[in-house]
Amino acid sequence: MHFTCAARTDVGIVRSGNEDSYLILAERGVFIVADGMGGHAAGEVASEMAVRIISREIGSLRGVPDAEASERIARSMVTANEAIFERTLSEHDKRGMGTTATALVLLPGRY
């Protein structure tokens, strides 16, 4: 399979800062997008953490059975959520930070 990928974020017309983070690891078929919760403390920190942690925890899924791949992706989201929450407890200026996150993994014949 051959595909082309690209990504771009935009601050939009309402906010002054961009709280989006993304990661494309085409060689691993991993695509992650996180959007920090606008108007909340440190949304950009939360989105960056989510992308970094999810990518690390997913690792390589080539040759991994579907059920294990699905479980690893789900666990990566939980791990990112826990780390972000823990940071809100330890750093008062980060209290209330949050993000959305979406991950897609493309493998031969499946996603």
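Visitor: Where is Leu106 found?
Guide: This is a predicted model. Take strand β3, residues 99-105, as the landmark. Leu106 is found in the segment after β3.

Visitor: Is Leu106 buried, partly exposed or exposed?
Guide: Buried means under 20% relative accessible area, and exposed means over 50%. Leu106 has 22% relative accessibility. Since that value lies between the two cut-offs, Leu106 counts as partly exposed.

Visitor: Which residues does Leu106 touch, leaving out those up to four places away in sequence?
Guide: A contact needs heavy atoms within 4.5 Å. Sequence neighbours up to four places away are not counted. That gives Phe3, Arg28, Gly29, Phe31 and Tyr111.

Visitor: What separates the C-alpha atoms of Leu106 and Arg62?
Guide: Along the chain, Leu106 and Arg62 are 44 residues apart. In space, their C-alpha atoms are separated by 9.5 Å.

Visitor: How many residues has helix α2, and what does it reach from its first C-alpha to its last?
Guide: Helix α2 runs over residues 66-90, which is 25 residues. At 1.5 Å a residue, 36 Å is expected. The span in the model is close to that, at 36 Å.

Visitor: Which elements do the buried residues of α2 pack against?
Guide: The buried residues of α2 are Ala69, Arg72, Ser76, Ala80, Ile84 and Thr88. Residues three or four places apart in an α-helix point the same way, because there are 3.6 residues a turn. The buried residues of α2 pack against α1 and β3.

Visitor: Which residue meets Arg52 in a salt bridge?
Guide: The partner sits four residues away in helix α1, residues 43-58, so the two are separated by about one helical turn. Arg52 is partly exposed at 41%, and its partner is partly exposed at 38%. The N to O distance is 3.0 Å, and the partner is Glu48.

Visitor: Which residues are joined with Glu91 into one network?
Guide: Glu91 forms a salt bridge with Arg87, with the closest N and O atoms 2.9 Å apart. Glu91 also bridges to Lys94, at 3.3 Å. Salt bridges that share partners join Glu91 into one network with Arg87, Asp93 and Lys94.

Visitor: Is Lys94 buried or exposed?
Guide: The cut-off for buried is under 20% relative accessible area. Glu91 is partly exposed at 27%, and Arg87 is partly exposed at 26%. Lys94 has 11% relative accessibility, so it counts as buried.

Visitor: How many salt bridges does the count come to?
Guide: A salt bridge needs a side-chain nitrogen of Lys or Arg within 4 Å of a carboxyl oxygen of Asp or Glu. Arg52 and Glu48 form one of them. By this rule the count comes to eight.

How values were computed
Residues numbered from 1 in each chain as written. Predicted model: local features only at pLDDT ≥ 70, side-chain atom pairs only at ≥ 80, totals over all residues. Heavy atoms only, no water. Buried < 20%, exposed > 50% of the residue type's maximum accessible area, 1.4 Å probe, protein only. Expected span 1.5 Å × (residues − 1).
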